[in-house]
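Welcome! Let us practise reading a protein model with a few short exercises. Try each one yourself before you look at the solution.

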Amino acid sequence: MSGTSSSNTLCNPSKCKCSVPLALLTSWTSRNPGRRFMACKFRFCKYFRWVDEEQSEWQRDVINQLLMEKKLLESENNNLRVEKSQLVEQVIQLRAENHIMRGKIDYGEVATVPLDSRMKWLPKILYGIVFALILAYVTKQV
């Protein structure tokens, strides 16, 4: 039994050459994306050992593609956050302007025109359009 545990510590040591506990790290290079390895925490003795098996070309390509897509999505997300922040600022500004204008209307500082007086011209235009359509229809019939 003791021989088994000593062989395990030789194959899987828990400390590096300078007696510092090993750190389990992950590589994010394009050659070994997501591949885990053990290394000296402080990198004094340069101890290094892969934990995971080497990836196939296909695995590397897929992981690298996913990492690229993740970066693009993060960039897009950041851009949307900036845009949202700008829109929130505009809403705050418009609400403040709205509040000011409501106050001016309440105190009679802004001249308001009733809607129906502004719309007096609308029936005349509609009658003109209808008349023109009828005239065009009649002239085509003759």
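Below are four exercises, each with a worked solution.

This is a predicted model, in which local features need pLDDT of at least 70 and side-chain atom pairs count only at pLDDT 80 or more, while totals for chains, interfaces and linings use all residues. Residues are numbered from 1 along each chain as its sequence is written, and side-chain values use heavy atoms, with hydrogens and water left out.

**Exercise 1.** Work out the order of the helices and strands from the N terminus on.

*Solution.* Start with the elements: helices (H or I, at least four residues) and strands (E, at least two) are DSSP runs, numbered from the N terminus. The protein has 4 helices and 3 strands. Next, read along the chain, and the order comes out as α-β-β-β-α-α-α.

**Exercise 2.** Find the partner of Arg-31 in a salt bridge and say where the two residues sit.

*Solution.* Recall that a salt bridge is a side-chain nitrogen of Lys or Arg within 4 Å of a carboxyl oxygen of Asp or Glu. The partner is Glu-54, with 3.1 Å between the closest N and O atoms. Now place them: Arg-31 is in the loop between strand S1 (22–27) and strand S2 (35–40), and Glu-54 is in the loop between strand S3 (48–50) and helix H2 (57–106). The pair is 23 residues apart and links distant parts of the chain. A search of the whole structure finds 4 salt bridges.

**Exercise 3.** Which salt bridges join residues that both lie in helix H2? Look at Glu-57 with Arg-60, then at Glu-74 with Lys-70.

*Solution.* Take Glu-57 and Arg-60: their side chains meet at 3.0 Å, N to O, and both residues lie in H2, 3 residues apart, about one turn of the helix. Then take Glu-74 and Lys-70, whose side chains meet at 3.7 Å, N to O. These two are 4 residues apart in H2, so about one helical turn separates them.

**Exercise 4.** Is Asn-32 buried or exposed, and which residues does Asn-32 contact?

*Solution.* First, the cut-offs: buried means under 20% relative accessible area, exposed over 50%, partly exposed in between (1.4 Å probe, protein chains only). Asn-32 lies in the loop between S1 and S2, and because its relative accessibility is 12%, Asn-32 counts as buried. Leaving aside neighbours within four places in sequence, Asn-32 is in contact (heavy atoms within 4.5 Å) with Ser-27, Trp-50 and Gln-55. For comparison, Arg-31 has 44% relative accessibility and therefore counts as partly exposed.
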